[in-house]
Amino acid sequence: SKCKFQALLLYPSISLSLMAAKSALHSSSPNTSSFLNSKSDLVHFRRTQLRFEPGIPSKPIKWESCSRTREQPREKVKQGGRLFTVRCTAEGIERGMLIGGGRGREEAAASKILDIPERFKVVALVACVMCLCNADRVVMSVTVVPLATKFGWSSSFLGIVQSSFLWGYIFSSVVGGALVDRYGGKRVMAWGVALWSLATLLTPWAANHSTVALLAVRAFFGLAEGVALPSMSTLSSRWFPSHERASAVGISMAGFHLGNVIGLLLTPIMLSTVGISGPFILFSSLGLLWLTRWANGVTSDPRDSPFVSKSELRLIQAGKTDSPASDGQFPPLRLLLSKAPSWAIIFANITNNWGYFVLLSWMPIYFNTVFNVNLKQAAWFSAVPWGTMAVSGYVAGALSDSLIKAGYSLTIVRKIMQSIGFIGPGVSLLCLNYAKTPVTAAALMTIALSLSSFSQAGFLLNMQDIAPQYAGFLHGIANSAGTLAAIISTIGTGYFVQWLGSFQAFLTVTAGLYFVTAIFWNLYATGERVF
């Protein structure tokens with residue numbers, strides 16, 4: 001026969017509640033049935049750390065009968081040699097016991113909100129280290145002004161000091177890119193940060209010791225920083241599906257450009273308060289602090305991460321059209337250089353680095369010499385363009401991803417982004433020759449750098465498109481060529497200023513280079529896989 005009951009009166013003590021349940025199941029007397037049939041809307045329980053405490057429910061309890069049946073979800077209780085199948089459903093009580101009622105639901109909802117996907121945590125850490133990467137570079141661009149005054153350096157020798165960072169950078173790019181393909185972005189990035197933070201810390205000592213020591217430390221600094229961009233590019237390709245990759249690179253490069261802003265604004269303040277060693281000590285300490293979080297929180301591949309959920313891993317893998325990793329072998333250099341799309345990327349990197357390092361290294365000096373503003377004012381004028389570049393870089397990435405989702409081919413999207421990234425800065429630099437005030441010059445530089453950030457969704461991502469297995473190595477080749485161009489442009493600007501007494505001629509040459517490379521890119525670039 002069926003025994004019907006609507007609810008069990010649970011006591012705060014769990015043991016008493018179990019005894020009551022067993023007694024109710026054992027009893028079939030009318031008195032028990034009458035007791036259980038009393039419907040109370042005042043029974044509700046909230047789970048605490050130690051016990052269940054009574055409370056008043058927020059809405060009436062819905063009661064259901066319980067019976068021995070095989071068709072319902074059930075709980076089995078053995079009593080007196082017979083097996084009873086019990087199903088009890090009380091809306092509010094059942095859920096309240098499991099997750100703590102209304103409070104539990106709120107905590108579960110809050111947990112879901114705070115459950116940030118692991119790939120976003122990775123890109124946030126990458127953005128932070130890219131910020132430090134560029135801030136460490138910019139420190140020297142500002143401190144070189146008082147150092148030149150202290151040691152009596154000429155404009156031409158000042159260009160040599162500025163370019164010394166690139167001497168090491170050019171050698172580490174190719175090797176660093178190959179190491180990233182073989183050992184993963186996490187390990188290579190960690191070693192790079194440790195070494196360049198050490199070099200940053202040693203820079204003030206080297207400057208006071210001798211010019212040769214300073215040039216050697218700056219070259220070592222560039223050697224360590226050469227692995228940063230290949231590591232960032234490879235980590236983005238591993239951790240993000242294709243339709244999110246441009247946004248991920250945009251976020252990482254936004255941190256890179258914000259490093260310019262932070263370096264340009266903090267360095268003059270620390271120079272006037274702490275001295276030349278102040279900014280170098282600060283940024284090297286931040287690099288070592290970042291390492292403590294990176295070492296235990298990130299893996300080179302999401303499949304190796306203990307923090308990635310299965311659903312996120314499926315999303316990452318489903319959104320990829322390329323090979324997940326290389327076989328650890330160095331690709332034949334002749335093969336990579338035999339295709340026109342590779343040369344389109346190399347020439348684009350040359351032009352991008354040429355213009356970028358001219359502005360990065362000489363912008364404070366430009367405002368100081370051309371418009372006779374002091375160092376702090378020059379830093380502010382120089383910082384504004386880099387700040388807007390950080391924002392426009394993310395906008396370019398988001399726009400690129402939206403075009404891909406809308407059905408446009410990768411080839412068309414990459415060509416559009418790169419055309420904006422070269423033609424826009426070229427026009428802006430030509431107009432800069434006619435600037436009469438520092439405000440006008442800062443506005444034109446802001447436009448030039450903001451539009452140049454669209455290159456991040458052009459050639460910088462195109463390496464993953466055409467050679468996913470060897471993207472780090474190809475990035476290293478292109479970056480080495482671009483670094484050579486940056487050395488020539490940085491030193492060349494110093495000689496142009498010394499011989500001609502102005503920046504205008506060199507700005508015109510740079511603008512022409514932008515236009516020529518934009519044409520070559522649109523002729524030979526492709527978004528299809530080549531290798």
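**A walk through salt bridges, cavities and a pocket**

Let's start with one residue: Asp-301 is buried, with a relative accessible area of 8% (buried means under 20%, exposed over 50%, and partly exposed in between, with a 1.4 Å probe and protein chains only). The model is a predicted one, in which local features need pLDDT of at least 70 and side-chain atom pairs count only at pLDDT 80 or more, while totals for chains, interfaces and linings use all residues. Residues are numbered from 1 along each chain as its sequence is written, and side-chain values use heavy atoms, with hydrogens and water left out.

Asp-301 has a charged partner: it forms a salt bridge with Arg-303, with the closest N and O atoms 3.0 Å apart (a side-chain nitrogen of Lys or Arg within 4 Å of a carboxyl oxygen of Asp or Glu). Arg-303 is partly exposed, at a relative accessible area of 45%, whereas Asp-301 is buried. Side chains of opposite charge can pair when their charged atoms come close.

Across the whole structure, a search finds six salt bridges. One of them joins Asp-465 to Arg-414, with 2.6 Å between the closest N and O atoms. Asp-465 sits in helix α18 and Arg-414 in helix α16 (residues 410-432), so this pair ties together parts that are 51 residues apart in sequence (helices, H or I of at least four residues, and strands, E of at least two, are DSSP runs numbered from the N terminus). Both partners count as buried: Asp-465 has 9% relative accessibility, and Arg-414 has a relative accessible area of 5%.

Next, look at Arg-119, which forms a salt bridge with Glu-244, the closest N and O atoms being 3.0 Å apart. This pair links distant parts of the chain, 125 residues apart: Arg-119 is in helix α5, and Glu-244 is in the loop between α9 (228-239) and α10. Arg-119 counts as buried at 7% relative accessibility, and Glu-244 counts as buried at 17%. Glu-312 joins in as well, since Arg-119, Glu-244 and Glu-312 are linked in a network of salt bridges.

Now step back to the chain as a whole. It has 20 helices and four strands, and buried residues make up 53% of its 531 residues. Of the contacts with a separation of 6 or more, 79% are between residues 24 or more positions apart (contact means heavy atoms within 4.5 Å). The chain exposes about 24200 Å², with carbon and sulfur atoms supplying 64% of that area (Shrake-Rupley method, 1.4 Å probe).

For a view of the interior, find Ser-197 in helix α7 (residues 185-209). Ser-197 is buried, with a relative accessible area of 1%. Leaving aside residues up to four places away in sequence, Ser-197 touches Ser-284, Gly-287 and Leu-288.

Where is space left inside? The structure holds eight cavities of 30 Å³ or more (on a 1 Å grid over the protein atoms alone, a cavity is a set of points where a 1.4 Å probe fits but cannot get out, and lining residues have an atom within 4 Å of a point). The largest cavity holds about 240 Å³ of space, a volume being the space filled by probe spheres set on the points. Of the 20 residues that line the largest cavity, the closest to its centre are Leu-229, Met-253, Asn-352, Asn-353 and Phe-459. Helices α10 (245-273), α14 (340-370), α18 (459-466) and α19 (471-500) each supply at least two lining residues, and α14 gives the largest share, with five. The lining of the largest cavity divides into nine nonpolar, ten polar and one charged residue (Ala, Val, Leu, Ile, Met, Phe, Trp, Tyr, Cys and Pro count as nonpolar, Asp, Glu, Lys and Arg as charged, and the others, Gly among them, as polar).

The second largest cavity holds about 120 Å³. Residues lining it include Arg-137, Gln-162, Phe-165, Arg-218, Phe-357 and Thr-490. Here α5 (118-151), α6 (155-183) and α14 each supply at least two lining residues, and α6 gives the most, with four. By class, this lining has six nonpolar, four polar and two charged residues.

Finally, visit the second largest pocket, with a volume of about 290 Å³ (a pocket is an open set with protein on both sides within 12 Å along at least five of seven lines). Of the 14 residues that line this pocket, the closest to its centre are Gly-176, Leu-179, Val-188, Trp-191 and Val-227. The elements that give two or more residues to its lining are α6, α7 and α8 (211-225). The lining of the second largest pocket divides into ten nonpolar, three polar and one charged residue.
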